Amino acid sequence: MVAKQATVLLGVSGGIAVYKAVELLRLFQRAGMDVRVIMTQKATEFVGPMTFQTLSGFQVRLDNDGGLRQDSTITHIEEGNLADIMVIAPATANTLGKMAQGIADNLLTTTYMAFSNTVVVAPAMNTNMWAHPAMQRNMDVLRADGVYVVEPGTGELACGVYGSGRMAEPDSILAAVKLRLQVDRKTDLRGLRVLITAGGTREPIDSVRYIGNRSSGKMGYALARAAHDRGASVELVKANIDLPRAPGVRETDAPTADEMYRTVMDRLPDYDILIMAAAVADYKLDRNPQDGKISKSRDDLNVCLQPTTDILLQASTIKRHDQYVVGFAAEYGPEAVARARGKMERKRLDMIVFNDIARRDIGFSSDYNEVTILTPVGETRVERAPKETIAEIILDNIARGIKQKRTAS
Ligand code: CTP
């Protein structure tokens, strides 16, 4: 349930997707939220402020308000104080760029800088602009600043090109906002310490080559960020992740299976929950990797591998009664769920999160996932959703699980 009477501050910047912001406003209202609107000058050239004003029932704030209202309150601070969440949709390249760089030269950007609650942005622009390194750098900065991004979709853009950059559909933006409003009120992990591994380990063959896997670390990263938002103290043990820092999360690099093993064993006693989301290599070279580079020859090259230590199994062996250990199982084919359950039992886990690697539209590198959460006593199937949503549902189950476990013992 969304908190009643939530007030959304809808920032509208100028792009063709402004017409979709009208629909978004209606969706917010239908979900029981009040909506206040700020428009940039450019936005008003696409849809007039009167449309937003009539539908929202509140005066639309514009740059030429002069910042000072008749009752002498300062607009950009006043508007921010009223709202539980600020949603900028569409967010143009220009507005996002200014937000990332701390430039406050209009009412929307000054309000953003004065706003201390959650901010969600829905970027909308041409494919090349979205893909531009400057744009992606700015997005990394915004994510690191704690801004939530509803990723643009792929489809036909106003310029006639097919590609990524189209503003997410209003119902996806609504879902993201509802999630944030709920989550911002959830503090069920407060006081708990959570250790999360993420990414894929790389096992060196020589100084330049390695055996690796395709894990992007997005799932573990989403879990770390969500656990922190829910009040936990979080450490992320990262293997080769190329993602911006998660605000408030302690990070430690562990690029190989051995380093991850040592780090997890060292940290585990200090944590209540371990979530092994990393794709840890099952094998490594059976000897020290060669210094320098193995040179090419016409002969076959034989590389002999030996098993790595199973970190989860070791963690389960040494864990205390009150600690909660979660594994992931990437499986495919028939009996996949049963195999995941078997893995949970063999490794004596409190929970295993199964995902089907036969599916191309979810999992590795994707922003989406679809999982089944298994515990010794039950099974919860979670339909395809953004990894942020999946992370919240996994944490709902963990929060319940650790509470039950501690009450029972
Ligand atoms: N894992 C681990 N240490 C390893 C390998 C894997 O802790 N050396 C963890 C992963 O982080 C994941 C879980 O084990 O949470 C499942 O890993 P997976 O590779 O799918 O399973 P295996 O352990 O290899 O099991 P099996 O070989 O039986 O499929």
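How many nonpolar, polar and charged residues does the lining of the second largest pocket have? We'll get to that pocket shortly, but let's start with the overall layout. Keep in mind that this is a predicted model.

The domain assignment splits the chain into domain 1, covering 7-184, and domain 2, covering 193-408. Taken over C-alpha atoms, the centres of the two domains are 35 Å apart. They do meet, though: ten residues of domain 1 are in contact with eight residues of domain 2.

Now look at the sheet. Five strands make up an open sheet, and if you walk across it the order is β2-β1-β3-β4-β5, with parallel pairing. β2 (34-39) and β5 sit at the edges with a single partner strand each, so each has one side without a neighbour in the sheet. At the β5 end, two bridges tie β5 to β4 (residues 118-123), the two strands running parallel. Follow Val-121 across and you reach Val-149, its bridge partner in β5. Over towards the other edge, helix α3 (residues 49-56) lies across β1 (7-12) and β2, and makes an angle of about 165 degrees with β2.

Hold on to Val-149, because it takes us to the pockets: the largest pocket holds about 1,100 Å³ of space. That pocket is lined by 38 residues, and the closest to its centre are Val-149, Val-150, Glu-151, Asp-367 and Glu-388. So where does the pocket sit relative to the domains? Domain 1 and domain 2 both give residues to its lining, so the pocket lies between them. Plenty of elements chip in with at least two lining residues each, among them β5 (148-149), α8 (133-144), α10 (218-229) and α14 (387-408). The largest share comes from α9, which gives six residues. By class, the lining of this pocket has 18 nonpolar, seven polar and 13 charged residues.

Next comes the second largest pocket, with about 960 Å³ of space. Its lining counts 39 residues, and the closest to the centre are Ala-278, Ala-279, Val-280, Phe-328 and Ala-330. Two or more lining residues come from each of β8 (193-199), α10, β15 (305-307), α12 (311-318) and β16 (324-331). That brings us back to the opening question: the lining of the second largest pocket has 19 nonpolar, 14 polar and six charged residues.

Finally, what about enclosed space? Rolling a probe the size of a water molecule over the atoms shows where empty space is left. Searching the whole structure turns up one cavity of 30 Å³ or more. The largest cavity has a volume of about 60 Å³. Its lining is made of Tyr-148, Arg-180, Ala-222, Arg-225, Ala-226, Asp-229, Glu-388, Ala-391 and Glu-392. You've met Glu-388 already, among the residues closest to the centre of the largest pocket. Which helix gives the most to the lining of this cavity? That is α10, with four residues, while α14 is also one of the elements supplying at least two. By class, the cavity lining divides into four nonpolar, no polar and five charged residues.

Definitions and conventions
Residues numbered from 1 in each chain as written. Predicted model: local features only at pLDDT ≥ 70, side-chain atom pairs only at ≥ 80, totals over all residues. Heavy atoms only, no water. 1 Å grid on protein atoms, 1.4 Å probe; cavity = no way out; pocket = protein on both sides within 12 Å on 5 of 7 lines; lining within 4 Å. Points joined across faces, edges and corners; volume = space filled by probe spheres on them. Nonpolar A, V, L, I, M, F, W, Y, C, P; charged D, E, K, R; others polar. Domains from an automatic or database assignment. Pairing = 2+ DSSP bridges. Contact = heavy atoms within 4.5 Å. Axes fitted to C-alpha atoms, helices over the stretch in contact; angles between N-to-C directions.
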